[in-house]
Amino acid sequence: MDTTVEKGYNSDIVVDGVSYHIQTEDWGKANPYFVSRVFSNGAVVKSVKTAYATVLPKGPTFDIQAVRFALRCQHEQILDLLVSGQLL
C-alpha cells in the first residue's frame, strides 16, 4: 500500500484586523482527501474536506502532479474566500 502524502501548505494572513493561519494537507491515497483548516487564536474556525474524486477526474490518482496542483488550488481558494469575506 502506498501511504505517500504530499507536503501541504501553510499561510498566515490578517483579515480585518484578525490573524488567521491556514493549513492545507493531503491525507494520501489510502485516505484520499485534501483538508484545509483555518485557525484563529489557536482554534479551528473552519475546516474544509474535499475528496480526491471531487477535484481529480481519475479519483485517487498516481499522477503526483495532479495531486500537487489540486492541493495548491484548494489552499489558494480557501485564502481567496477568507480574504473576500465569503468563508466565515
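## Fold and cores of a predicted protein chain

Read from its beginning to its end, the protein chain runs through the pattern β-β-β-β-α-α, in a model that is predicted. In total, the secondary structure comes to two helices and four strands. The radius of gyration of the protein chain is 14 Å, close to the 12 Å that the globule rule gives for 88 residues, so the chain is as compact as a globular protein of that length. Taken along the principal axes, the box filled by the C-alpha atoms of the protein chain is roughly 45 × 20 × 15 Å.

Some values that describe the protein chain as a whole are set out in the table.

| Property of the protein chain | Value |
|---|---|
| Residues that count as buried | 33% of the 88 residues |
| Contacts with a separation of 6 or more that join residues 24 or more positions apart | 40% |
| Accessible surface | about 5500 Å² |
| Part of the accessible surface that belongs to carbon and sulfur atoms | 51% |
| Distance between the mean positions of the 8 positive and 9 negative charges | 6 Å |

**The nonpolar cores**

Which residues make up the largest nonpolar core? This core holds nine residues in all, namely I13, V15, Y20, I22, V38, I78, L79, L82 and L87. Two or more of its residues come from each of the elements β1 (9–15), β2 (18–26) and α2 (64–83), and among these elements α2 gives the most, with three residues.

L87, which belongs to this largest core, can serve as an example of how residues meet in space. When its neighbours within four places in sequence are left aside, L87 is in contact with V38, K46, I78, L81 and L82. Of these partners, V38, I78 and L82 are also listed as members of the largest nonpolar core.

Apart from this core there is a second, separate core of six residues, and among its members are Y52, L56, V67 and A70.

**A closer look at F69**

F69 lies in helix α2, the helix that spans residues 64–83 and gives residues to the largest core. Is F69 itself buried or exposed? Its relative accessibility is 48%, and because the partly exposed class lies between under 20% for buried and over 50% for exposed, F69 counts as partly exposed. F69 can also be placed relative to L56, a member of the second core: the two residues are 13 residues apart in sequence, and their C-alpha atoms are 9.9 Å apart in space.

Technical notes. Residues are numbered from 1 along each chain as its sequence is written. This is a predicted model: local features need pLDDT of at least 70, side-chain atom pairs count only at pLDDT 80 or more; totals for chains, interfaces and linings use all residues. Side-chain values use heavy atoms; hydrogens and water are left out. The radius of gyration is taken over C-alpha atoms; the globule rule is 2.2 Å times the number of residues to the power 0.38. Buried means under 20% relative accessible area, exposed over 50%, partly exposed in between (1.4 Å probe, protein chains only). Contact means heavy atoms within 4.5 Å. Accessible areas come from the Shrake-Rupley method with a 1.4 Å probe; for residues, only the protein chains shown count as cover. Lys and Arg count as positive and Asp and Glu as negative; His and the chain ends are not counted. The place of a charge is taken as NZ of Lys, CZ of Arg, CG of Asp or CD of Glu. A nonpolar core is a set of buried Ala, Val, Leu, Ile, Met, Phe, Trp, Tyr and Cys residues joined through side-chain atoms within 4.5 Å.
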